[in-house]
Every structure is written in C-alpha cells, then in structure tokens.
Amino acid sequence: MPTQESLIPLSGWRRRLYIVIYEADTRAGRIFDMALTTAILISVACVMLESVASIRQRYGTLLTVLDWLFTVLFTVEYALRLICVHKPMRYVKSFFGVIDLLSVLPLYLGLLIPESRFLADVRILRLLRMFRILKLSRHLGEAAQLQKALLASRRKITVFLVTVVLLVIVLGTLMYVIEGPEHGFTSIPISIYWAIVTLTTVGFGDITPKTPMGQALASLVMITGYGIIAVPTGIVSAEIARAVPEPADNRSATRLCPHCFSEGHDWDARFCKHCGGQLPRPAKDRVS
C-alpha cells in the first residue's frame with residue numbers, strides 16, 4: 001500500500017506531463033502516443049535494415065545515426081515517465097516499465113558487445129500499448145478472460161507437459177535401442193530430440209529411422225502427435241467456455257493510476273480502487 005505522502009495527487013507540471021504521457025484520452029496524449037508509435041515502428045525498421053549487408057554497406061552511417069537518435073529519444077521519454085509518477089521504482093518493475101527499459105539498453109550494450117544492438121527490435125513490444133491507445137477495451141477484456149483461463153488450467157497443463165516429457169524419454173530410448181548409432185541415433189539424448197521433433201509434427205528429417213520396426217514406431221509417434229496437439233487446446237477452451245464475460249461498463253482502458261499503475265478505472269473515479277491513491281482529474285479535452 002502506498003504511504004500517506006505518496007497518495008498526494010500530482011499537481012502542476014508533473015500532472016500535465018502525466019496526463020500527456022500516460023493518458024490517451026486527451027488530444028495531447030493521443031498525439032504523443034501516435035508520435036511515439038511512429039518512432040517505434042521507424043526505429044525497428046532501421047534495426048532490421050541494418051542487418052541486411054548490402055543496405056548496411058550503403059547506408060550504415062545513416063542507420064547508425066538514426067539508431068542513436070531514437071535511443072536517446074526513448075531514453076528521455078523513459079526518464080520523463082519516471083519523473084511524473086509517485087514511485088518510480090514501482091514503474092521500473094512493472095511490465096511496461098521493463099519493456100521500456102529493455103528498448104533502450106541494447107544500443108548502450110552494443111558499445112561493449114556490438115551484435116547486441118540488434119536486440120533493439122524488442123521495442124516492437126512497446127506497441128502492446130496500442131490496445132490502450134486505440135481504446136480496444138473489448139480486446140483487453142478478452143485478453144483478461146484468456147489469462148484467467150490459462151491460470152485456471154495451469155495444473156492440468158502442467159500434468160500434460162510432464163506426461164509428454166516422460167513419453168518422449170521412453171520413445172527416444174526405444175528408438176535408440178531399435179535403430180542404434182549406425183542409423184544416426186548416436187545417443188539417448190539425440191533420440192529424445194528426434195522424439196520431440198516427431199511428436200510435435202515438426203519433422204526436420206535430419207534423423208530418420210531405417211529399420212521396419214523403427215519406421216513403425218515413428219508412424220505411431222506421428223499419429224500420437226496429432227492427438228496430443230488437441231489436449232491443451234481442449235483444456236484451455238473448456239476454461240474459456242466456463243468463464244462468464246463481464247458486463248459492459250464505463251471503465252476506461254487508458255486511465256492509469258500513478259501510484260500502482262493499475263487500469264480499468266471509471267471515467268469519473270477520483271481514487272484508485274486498488275491502492276486508494278488519488279487519480280489525476282481527466283483533462284477537459286478528452287477524446288471520445
């Protein structure tokens with residue numbers, strides 16, 4: 001729970017900055033979010049183009065300058081996000097806080113490990129904010145239902161995965177005994193790798209059984225693989241069907257608490273329903 005001091009509402013330039021950066025229901029906030037989204041897309045495109053040798057040889061300097069320009073821009077934006085909230089470390093540890101930090105680190109790490117700069121493509125994950133920016137509250141609700149279904153079925157899925165692991169160990173060992181090193185199954189771990197690839201119906205073909213008994217076992221594994229695919233799908237589908245959708249209300253997908261960073265507050269809410277912190281009043285230029 002936030003301290004009494006942290007519950008003091010934002011005021012002055014911090015409140016205005018908070019509304020622009022975190023609220024997508026104002027004209028200024030919408031412009032900021034769309035400009036940030038455009039910058040993310042361009043920066044990711046630059047990283048991708050830089051990985052192409054012919055483009056890098058011709059436009060390498062320009063792409064490097066753009067990479068640093070966007071990195072500095074995102075660094076400043078990250079710092080502003082920390083400035084206009086009550087507890088910066090809470091934001092740093094949040095999901096979007098981690099994504100924002102990872103989006104600026106690769107290029108700095110590239111000074112020590114050159115190839116790590118291409119990890120800047122993780123910035124594309126920042127586009128998850130588009131669900132809030134575009135007010136896709138219906139999709140957010142469906143995502144929440146899917147999350148609840150996955151959590152509700154985690155024990156069944158765990159049992160299923162353990163069973164699959166035991167199955168591939170047994171099948172891999174059997175194939176090692178049947179085929180042996182002379183047919184490419186040089187060890188039990190290699191045979192288990194074959195069993196995983198075959199059971200998941202990927203079938204790379206780098207290792208294949210040559211004896212009739214091995215081929216019969218492989219056929220059984222492939223047929224079993226099709227049946228196994230349906231098991232986790234059925235488990236999650238049953239939990240989704242069991243879930244009751246929440247009725248539509250006047251909650252906003254963009255109102256974010258500056259104390260605990262929770263969402264889903266009513267348009268006219270003055271206090272966070274999770275931590276009790278006071279919410280900034282919505283600006284008058286709210287975009288409907």
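Here are some worked exercises on the predicted model shown above.

Before you start, residues are numbered from 1 along each chain as its sequence is written, and side-chain values use heavy atoms, with hydrogens and water left out. Because the model is predicted, local features need pLDDT of at least 70 and side-chain atom pairs count only at pLDDT 80 or more, while totals for chains, interfaces and linings use all residues.

**Exercise 1: a salt-bridge network**

Work out which residues are linked in a network of salt bridges, and say whether Glu 77 is buried or exposed.

Solution.

Step 1. Start with the term: a salt bridge puts a side-chain nitrogen of Lys or Arg within 4 Å of a carboxyl oxygen of Asp or Glu. The structure holds four of them.

Step 2. Take Glu 77 and Arg 126, whose side chains meet in a salt bridge at 2.7 Å, N to O. Glu 77 sits in helix H3 (residues 53–83) and Arg 126 in the loop between helix H5 (95–109) and helix H6 (130–133), so this pair ties together parts that are 49 residues apart in sequence. (Helices are DSSP runs of H or I with at least four residues, strands are runs of E with at least two, and both are numbered from the N terminus.)

Step 3. Move on to Asp 100, which has a salt bridge with Arg 126, with the closest N and O atoms 2.7 Å apart. Asp 100 lies in helix H5 and Arg 126 in the loop between H5 and H6, so here the parts tied together are 26 residues apart in sequence.

Step 4. Asp 100 also meets Arg 81 in a salt bridge, at 3.9 Å, N to O. That pair links distant parts of the chain, with Asp 100 in helix H5 and Arg 81 in helix H3, 19 residues apart.

Step 5. Put it together: Glu 77, Arg 81, Asp 100 and Arg 126 are linked in a network of salt bridges.

Step 6. Now check burial, where buried means under 20% relative accessible area, exposed over 50%, and partly exposed in between (1.4 Å probe, protein chains only). Glu 77 counts as buried at 6% relative accessibility, Arg 126 at 3% and Asp 100 at 2%. Arg 81 is buried too.

**Exercise 2: aromatic pairs**

Find how Tyr 18 and Tyr 22 pair, and how Phe 185 and Trp 194 do.

Solution.

Step 1. Rings of Phe, Tyr and Trp (its six-membered ring) pair if their centres lie within 6.5 Å; planes under 30 degrees apart count as stacked, over 60 as edge-to-face and the rest as tilted. A search of the whole structure turns up seven aromatic pairs.

Step 2. Tyr 18 and Tyr 22 are stacked, at 5.0 Å centre to centre with 25° between the planes. Both lie in helix H1 (residues 12–22), four residues apart, about one turn of the helix. As a reminder, an α-helix has 3.6 residues a turn, so residues three or four places apart point the same way.

Step 3. Tyr 18 is buried, with a relative accessible area of 0%, and Tyr 22 counts as buried at 2%. They form one aromatic cluster with Tyr 78 and Tyr 91.

Step 4. Phe 185 and Trp 194 are edge-to-face: 5.7 Å centre to centre, 75° between the planes. Both Phe 185 and Trp 194 are buried.

**Exercise 3: helix H10**

Test the span of helix H10 against its number of residues, then list its buried residues.

Solution.

Step 1. The expected span of a helix is 1.5 Å times one less than its number of residues.

Step 2. Helix H10 (residues 212–242) has 31 residues, which should span 45 Å at 1.5 Å a residue; its end C-alpha atoms are 46 Å apart, which agrees.

Step 3. The buried residues of H10 are Gly 214, Leu 217, Ala 218, Val 221, Gly 225, Ile 228, Ile 235, Val 236 and Glu 239.

**Exercise 4: a positive phi**

Where does Thr 201 lie, and what is its phi near?

Solution.

Step 1. Thr 201 is in the loop between H9 and H10.

Step 2. Its phi is near 60°, a positive value in a residue other than glycine. For background, most residues other than glycine have a negative phi.

Step 3. At 32% relative accessibility, Thr 201 counts as partly exposed.
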